[in-house]
Each structure stands twice: as C-alpha cells, then as structure tokens.
Amino acid sequence: MAEQGVENGGGPLERKVMVAIDDSECSHYALMWVLDNLEESITKSPLVIFNAQLPPTNNSFTAAALSSARMYCSVSATPEYTYTIQEQNRKLAIALLEKAKEICAGRGVDAETLTEVGDPQSTICDAVQRLNISLLVLGERGSGKIKRAIQGSVSSYCLHNAKCPVLVVKKP
C-alpha cells in the first residue's frame with residue numbers, strides 16, 4: 001500500500017483499512033499486527049475498528065435436576081430478557097472498541113469505531129461494502145476442522161464474499 005492511487009480529479013484515493021475484532025486473543029493480535037506493519041497506510045487514511053454483536057436468540061435453555069440427571073427444556077425468551085442481553089452485548093462491544101481505540105491512540109493512530117448487531121460473517125462484509133473499505137484484516141481463531149465445518153469460519157466467509165482484499169493474520 002505504499003503507492004497512492006489517483007482519483008479522476010487528480011487527488012489521492014483514500015484507502016481505508018478495517019480491522020474486525022471480537023474479544024479473542026487472535027483479533028487483538030491482528031490489531032497489533034496492523035499497528036506494527038501498516039503504520040504508513042493507517043496514519044494517512046482512516047483505520048476502522050469494527051465489532052459485530054451477535055443477536056440474542058429467542059430461545060434459551062433451562063435445566064431441571066432429576067436426581068443425578070438433568071433435563072433441558074427450551075424456553076422462549078421474554079422481550080425484557082432479550083433487551084437485557086442486547087444491552088449487555090452493546091456495553092461489552094463499546095468497551096472492547098474503546099480499549100482498541102486507546103491502543104491505537106497510544107501508537108499515534110486515530111481510529112474510528114463501529115459496532116453493529118448481526119451475524120458476524122455477513123455484517124462484516126456488508127460494512128466493508130457500505131464503508132468502501134480497501135483492506136479488511138481479521139485474526140484467525142484456529143478453530144478445528146470439525147468446528148469450521150459445522151459453524152463455518154468468519155475469515156473464510158469474508159475471504160470469499162468481501163468486496164475488497166482480505167488479510168487473515170495468524171498468531172504464531
């Protein structure tokens with residue numbers, strides 16, 4: 001990214017870098033990698049730190065003890081319970097983003113933060129397109145093959161669906 005592109009009017013193109021983070025050590029490592037290795041790009045153009053909040057599910061499970069066994073029953077969540085979970089997720093996301101923003105500020109990088117509710121895979125890709133991101137950076141969680149096959153991998157989904165280059169940073 002050392003080379004600056006040129007718009008039709010002759011001015012430099014803005015190259016936005018977005019780091020998608022969650023509370024994992026892998027995403028923290030990806031943010032630190034960006035700060036260490038893309039310093040020139042992120043000081044000249046906006047750095048966006050993004051967090052996708054999982055939407056609360058409408059079902060929760062309760063356990064009832066039956067001697068030494070437990071019986072699990074699906075229970076529909078009340079609107080109050082759902083709101084409480086959403087509010088808690090929002091507070092955690094804001095705290096996570098504020099911490100990331102402080103880390104960036106300590107390195108002399110002014111970062112924008114954004115959080116949205118939704119499935120991380122599609123929410124990240126939608127934000128990339130809407131914000132006109134030039135490079136998406138994700139941390140690799142290192143999930144096993146079985147877990148990736150069942151749940152899918154956010155990084156794999158973004159590699160195939162994001163409308164920009166995607167860099168997946170793997171912690172050594």
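Trainee: Before we start, what is a salt bridge here?
Mentor: A salt bridge is a side-chain nitrogen of Lys or Arg within 4 Å of a carboxyl oxygen of Asp or Glu. Keep in mind that this model is predicted.

Trainee: Which residue forms a salt bridge with Glu87?
Mentor: Arg90 does. The closest N and O atoms of that pair are 2.5 Å apart.

Trainee: How many residues apart are Glu87 and Arg90 in helix 3?
Mentor: Three. Both lie in helix 3, residues 79-106, so about one helical turn separates them. In general, an α-helix has 3.6 residues a turn, so residues three or four places apart point the same way.

Trainee: Is Arg90 buried or exposed?
Mentor: Arg90 is partly exposed, with a relative accessible area of 35%.

Trainee: How many salt bridges are in the whole structure?
Mentor: The search finds five. One of them joins the side chains of Lys44 and Glu40, at 3.4 Å from N to O.

Trainee: Where do Lys44 and Glu40 lie?
Mentor: Both are in helix 2, residues 39-44. They sit four residues apart, about one turn of the helix. Lys44 counts as exposed, because its relative accessibility is 56%. Glu40 counts as partly exposed at 43%.

Trainee: Which residue does Arg130 meet in a salt bridge?
Mentor: Glu116, at 2.2 Å from N to O. Arg130 lies in helix 4 (residues 120-130) and Glu116 in strand 5 (residues 111-117), so this salt bridge ties together parts 14 residues apart in sequence. Arg130 counts as partly exposed, at 47% relative accessibility.

Trainee: New topic. How many helices and strands are in the chain?
Mentor: The protein chain has six helices and seven strands. In sequence order the pattern is β-α-α-β-β-β-α-β-α-β-α-α-β.

Trainee: Back to helix 3. What does helix 3 reach from its first C-alpha to its last?
Mentor: Helix 3 has 28 residues and reaches 41 Å. That is close to the 40 Å expected at 1.5 Å a residue. After helix 3 comes Gly108, with a positive phi near 80 degrees.

Trainee: Which residues of helix 3 are buried?
Mentor: Thr82, Ala93, Leu97, Ala100, Ile103 and Cys104. Their cover includes helix 1 (25-37), strand 2 (47-53) and strand 5.

Trainee: And which residues of helix 1 are buried?
Mentor: Cys26, Ser27, Ala30, Leu31, Val34 and Leu35. They pack against helix 2, helix 3 and strand 2. They also pack against strand 1 (17-20), strand 6 (135-139) and strand 7 (166-169).

Trainee: How far apart are the end C-alpha atoms of helix 1?
Mentor: They are 18 Å apart. The 13 residues should span 18 Å at 1.5 Å a residue, so the two agree.

Trainee: Where is His28 found?
Mentor: His28 is in helix 1. With a relative accessible area of 40%, His28 is partly exposed. Its C-alpha is 7.7 Å from the C-alpha of Gly139, although the two residues are 111 apart along the chain.

Trainee: What share of contacts joins residues at least 24 apart?
Mentor: 73%, among contacts in the protein chain between residues at least 6 apart in sequence.

Trainee: Switching to cysteines. How many disulfides does the search find?
Mentor: Zero in the whole structure. In general, a disulfide is a covalent bond between the sulfur atoms of two cysteines.

Trainee: Why is there no bond from Cys164 to Cys125?
Mentor: The Cys125 sulfur is the closest cysteine sulfur to that of Cys164, but they are 8.2 Å apart, too far for a bond. The cut-off for a disulfide is 2.5 Å.

Trainee: Is Cys164 buried or exposed?
Mentor: Cys164 is buried, with a relative accessible area of 12%. Cys26 is buried too, with 16%.

Trainee: One more residue. Where does Ser153 lie?
Mentor: Ser153 is in the loop between helix 5 (145-151) and helix 6 (154-161). Ser153 counts as buried, because its relative accessibility is 18% and the cut-off is under 20%. Its side chain reaches the backbone nitrogen of Ser156 at 3.2 Å.

Trainee: What percentage of the chain's residues is buried?
Mentor: 34% of the 172 residues. The chain exposes about 10,800 Å², and carbon and sulfur atoms supply 52% of that area.

Conventions:
Residues numbered from 1 in each chain as written. Predicted model: local features only at pLDDT ≥ 70, side-chain atom pairs only at ≥ 80, totals over all residues. Heavy atoms only, no water. Buried < 20%, exposed > 50% of the residue type's maximum accessible area, 1.4 Å probe, protein only. Helix = DSSP H or I, 4+ residues; strand = E, 2+ residues; numbered from the N terminus. Contact = heavy atoms within 4.5 Å. Areas by Shrake-Rupley, 256 points an atom, 1.4 Å probe, with all protein chains shown as cover. Polar contact = N/O pair within 3.5 Å; in protein donor to acceptor, adjacent residues only side chain to side chain. Expected span 1.5 Å × (residues − 1).
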